Amino acid sequence: MNAVCWLIALVILLVIEAATLGLTTIWFAGGALIALIASMVGANFWVQMGCFILVSLILLIFTRPAAVRYMNKDTLKTNVEGVVGMEAVVTEDIDNLLGTGKTSLNGNPWTARSETADIRIAAGTTVEVIRVEGVKLIVKEKVSDKSKEVKENG
């Protein structure tokens, strides 16, 4: 493969990377750059291809995790991701069998269901958000430190 082909591949990979901004082809562009250099110094096709594959894999394996962390460090959690682990107050009894239940989380009303189908949670109870399914909070009753002590000493 001659240097012109590697240069074309390098440009195409960089254009794709610029268009997607998703760290998808930059690793292969690095491999194409090294293969281009190998081609310019007279290496045969197999050496060029070996350089391309080896450098692409090394960049992908060793630099991608750090680059992804750097690129995503300023990503803010969405409302849904941010509510998991938070405490809410039950405003309407939660009963999965009847399909009822509402909570208040940071002053906002949410439909809620119990994590366990046969558990009924009364209004006024503090619950912890386990996950979000669609527009419903899946919650479990928050165990206070006093009730932990009673159960342990019980």
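Is phenylalanine 52 buried or exposed? In this predicted model, phenylalanine 52 turns out to be buried, as its relative accessible area is 18% and the cut-off for burial is under 20%.

Phenylalanine 52 also has an aromatic partner. The structure holds 2 aromatic pairs, and in one of them tryptophan 6 sits with phenylalanine 52, the ring centres 5.3 Å apart and the planes at 40°, a tilted arrangement. This pair ties together distant parts of the chain: tryptophan 6 belongs to helix 1 (residues 3–20) and phenylalanine 52 to helix 3 (residues 45–71), with their positions 46 residues apart in the numbering. Tryptophan 6, for its part, is buried too, with a relative accessibility of 3%.

The other pair brings in phenylalanine 45 and tryptophan 46. Here the ring centres lie 4.9 Å apart and the planes meet at 75°, so this one counts as edge-to-face; the angle needed for that label is over 60 degrees. As for accessibility, phenylalanine 45 comes out as partly exposed at 31%, while tryptophan 46 is exposed, with a relative accessible area of 66%.

Away from the aromatic rings, asparagine 106 deserves a look for its backbone. Its phi is near 55°, a positive value in a residue that is not glycine. Asparagine 106 is found in the loop that runs between strand 2 (100–105) and strand 3 (108–114). With a relative accessible area of 60%, asparagine 106 is exposed, because anything over 50% falls in that class.

How values were computed. Residues numbered from 1 in each chain as written. Predicted model: local features only at pLDDT ≥ 70, side-chain atom pairs only at ≥ 80, totals over all residues. Heavy atoms only, no water. Phe/Tyr/Trp six-rings, centres within 6.5 Å; stacked < 30°, edge-to-face > 60°. Helix = DSSP H or I, 4+ residues; strand = E, 2+ residues; numbered from the N terminus. Buried < 20%, exposed > 50% of the residue type's maximum accessible area, 1.4 Å probe, protein only.
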